[in-house]
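These notes are meant for a colleague who is opening the model for the first time. Please keep the sequence and the 3D view side by side while going through the points.

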Amino acid sequence: MSKFKVLSHGVALRAVAKFSIGLGLSATLLLSGCATQNIQAYQNSTPTLDMHEFFSGQIDGWGMFQGRNGEVKKRFYVDIDATHEGDNVIVLDEKFAWADGSKSQRIWRLTKQADGSWKGTAGDVIGEATGKVVGNTLHWNYLLELPVEDKTYKVNFDDWMYLVDKNVMLNRSVMKKFGVELGSVTLSMHRNNESNDSK
């Protein structure tokens with residue numbers, strides 16, 4: 001769940017747009033055949049993810065954004081303050097500190113649905129994010145407004161989170177535009193036991 005304001009993406013996004021228009025329907029058909037993960041494969045994976053348990057109190061995160069060729073474009077630290085509103089709502093106040101010295105913030109509001117799935121909203125997310133938990137895994141899909149130079153692009157995020165143990169979660173997100181991968185985000189989140197135990 002990470003926000004990027006990377007100027008170099010402007011060139012990449014313009015190139016992707018031209019590429020997609022040029023290939024037209026053929027590219028669409030080709031990309032639609034690409035395989036994706038099936039979250040049910042994690043049905044028996046442990047430890048079982050309890051959203052309220054993990055997302056509670058202070059969480060530290062360290063991450064990076066990589067372009068399609070694997071080059072690290074951006075690094076960041078995120079301080080997450082996770083609070084609850086009743087039994088079904090989790091609020092994540094994410095404060096980002098980027099390696100270039102810039103700072104940003106996103107506030108997520110996650111709501112558990114009657115069928116056990118999750119929906120999420122944030123200021124730069126278009127509509128609602130949809131999520132599902134199976135075993136130790138959380139899978140999110142959402143459309144994000146990504147500012148690049150003087151324009152804003154709508155970018156799809158395919159977001160997978162894996163609980164390693166009760167205090168550590170690994171997150172990998174893939175960004176796509178016109179069905180073409182632009183890059184990926186890797187994030188390691190650690191619950192701050194000292195801070196959480198004091199509450």
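1. Two strands are said to pair if DSSP finds at least two bridges between them, and helices (H or I, at least four residues) and strands (E, at least two) are DSSP runs, numbered from the N terminus. In that sense strand 9 and strand 10 (residues 180–191) run antiparallel and are joined by ten bridges.

2. On the source: this is a predicted model, in which local features need pLDDT of at least 70 and side-chain atom pairs count only at pLDDT 80 or more, while totals for chains, interfaces and linings use all residues. Residues are numbered from 1 along each chain as its sequence is written, and side-chain values use heavy atoms, with hydrogens and water left out.

3. For general orientation, the chain has three helices and ten strands, and from the N terminus on its elements follow the order α-α-β-β-β-β-β-β-β-β-β-β-α. Of the 199 residues in the chain, 44% are buried, where buried means under 20% relative accessible area, exposed over 50%, and partly exposed in between (1.4 Å probe, protein chains only). Taking contact to mean heavy atoms within 4.5 Å, residues 24 or more positions apart account for 47% of the contacts in the chain with a separation of 6 or more.

4. Strand 9 deserves a careful look, because seven of its ten residues (the strand covers residues 168–177) are buried, so that strand 9 is largely enclosed by the rest of the structure. On one side it pairs with strand 8 (residues 151–165) in the antiparallel sense over nine bridges, with Tyr 162 opposite Leu 170, and these two strands form a hairpin with two residues between them. Towards strand 10, Val 168 stands opposite His 190; the hairpin of strand 9 and strand 10 also has two residues between the strands, and there Phe 178 takes a positive phi near 60°.

5. Earlier in the chain, strand 1 (residues 57–67) and strand 2 (residues 72–85) run antiparallel and are joined by ten bridges, while strand 2 in turn pairs with strand 3 (residues 89–98) in the antiparallel sense, over ten bridges. Val 78 of strand 2 is the bridge partner of Gly 61, and Val 78 also stands opposite Phe 96 in strand 3. Four residues lie between strand 1 and strand 2 in their hairpin, where Gly 70 takes a positive phi near 95°; in the hairpin of strand 2 and strand 3, with three residues between the strands, Gly 86 has a positive phi near 75°.

6. Is Gln 66 buried or exposed? Gln 66, which lies in strand 1, has a relative accessible area of 18% and is therefore buried. Its side chain reaches the backbone oxygen of Gly 70 at 3.0 Å, and, not counting residues up to four places away in sequence, Gln 66 touches residues including Glu 71, Lys 73, Gly 183 and Thr 186.

7. A nonpolar core is here a set of buried Ala, Val, Leu, Ile, Met, Phe, Trp, Tyr and Cys residues joined through side-chain atoms within 4.5 Å. The largest one holds 37 residues, among which Phe 55 and Met 189 touch the most other members. Strand 7 (residues 137–148) gives the most to this core, with six residues. Leaving aside neighbours within four places in sequence, the contacts of Met 189 include Phe 54, Phe 55, Ile 59, Ile 80, Met 161 and Val 168.

How values were computed:
Polar contact = N/O pair within 3.5 Å; in protein donor to acceptor, adjacent residues only side chain to side chain.
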